[in-house]
Amino acid sequence: MNFGIWNNPEPPEEYEFLFSAKMANYVLEREWHKNQLILQHEDGTVLLKFSSNQKQMVFTWAMGFGDSVTVIKPARLREEIREECRKMAGKYGT
């Protein structure tokens, strides 16, 4: 996957994600973005950083990992995902 298929004049934002150790191989074996930086920690978790101006695409991509990923930044994306999860929980009861 490479973020950048939509024509978007907005400036890029910095994104950081922390993936669980169970997702390490999956994340490490792929090129997610041309300017990515991937670091594997001693505990097996993987930090992925990149910049992109594809906010909606990054949101959807991150949601697809469920609880296997934590958004580190930007804070705005963390809030949007929190709100989306709240709405989803309301639909499915909890």
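**Aromatic rings and buried residues**

Q: Phe 19 and Phe 65: buried or exposed?
A: Phe 19 is buried, and Phe 65 is too. To earn that word, a residue has to have under 20% relative accessible area; over 50% is exposed and anything in between is partly exposed (1.4 Å probe, protein chains only). This is a predicted model, in which local features need pLDDT of at least 70 and side-chain atom pairs count only at pLDDT 80 or more, while totals for chains, interfaces and linings use all residues. Residues are numbered from 1 along each chain as its sequence is written, and side-chain values use heavy atoms, with hydrogens and water left out.

Q: What makes Phe 19 and Phe 65 an edge-to-face pair?
A: Their ring centres are 5.0 Å apart, with 80° between the planes. Rings of Phe, Tyr and Trp (its six-membered ring) pair if their centres lie within 6.5 Å; planes under 30 degrees apart are stacked, over 60 edge-to-face, the rest tilted. The pair passes on both counts, so edge-to-face it is.

Q: Why can this pair be said to tie together parts of the protein?
A: Phe 19 sits in strand β1 (residues 13-19) and Phe 65 in the loop between α2 (55-63) and β4, so the pair links parts 46 residues apart in sequence. Helices (H or I, at least four residues) and strands (E, at least two) are DSSP runs, numbered from the N terminus.

Q: How many aromatic pairs are there, and why is Tyr 15 with Phe 17 called stacked?
A: The structure has 13 aromatic pairs. For Tyr 15 and Phe 17, the centres are 6.2 Å apart and the planes meet at 5°, so this one is stacked.

Q: How do you know whether Tyr 15 and Phe 17 are buried or exposed?
A: Tyr 15 has a relative accessible area of 1%, so it is buried. Phe 17 comes in at 0%, so that one is buried as well.

Q: Which residues make up the ring cluster?
A: Ring pairs join Tyr 15, Phe 17, Phe 19, Tyr 26, Trp 32, Phe 50, Trp 61 and Phe 65. Trp 61 is also one of the buried residues of α2, along with Met 57, Val 58, Phe 59 and Ala 62.

Q: What do the buried residues of α2 pack against?
A: They pack against β1, β3 (46-52), β4 and α3 (75-92). Contact here means heavy atoms within 4.5 Å.

Q: Why does Ser 68 count as buried?
A: Its relative accessibility is 7%, so it makes the cut. Ser 68 is in the loop between α2 and β4, and its contacts beyond four places in sequence are Leu 18, Phe 19, Ser 20, Lys 22 and Met 23.

Q: Why is Ile 72 called partly exposed?
A: At 37% relative accessibility, Ile 72 falls in the middle class, so partly exposed is the right label. Ile 72 belongs to strand β4 (residues 69-73). Beyond four places in sequence, Ile 72 touches Glu 16, Phe 17, Leu 18, Leu 47 and Arg 78. Leu 47 is 25 residues away in sequence, with 9.2 Å between the two C-alpha atoms.

Q: How do you know whether the radius of gyration agrees with a compact globule?
A: The rule is 2.2 Å times the number of residues to the power 0.38, with the radius taken over C-alpha atoms. For 94 residues that lands near 12 Å, and the protein has 14 Å, which agrees.
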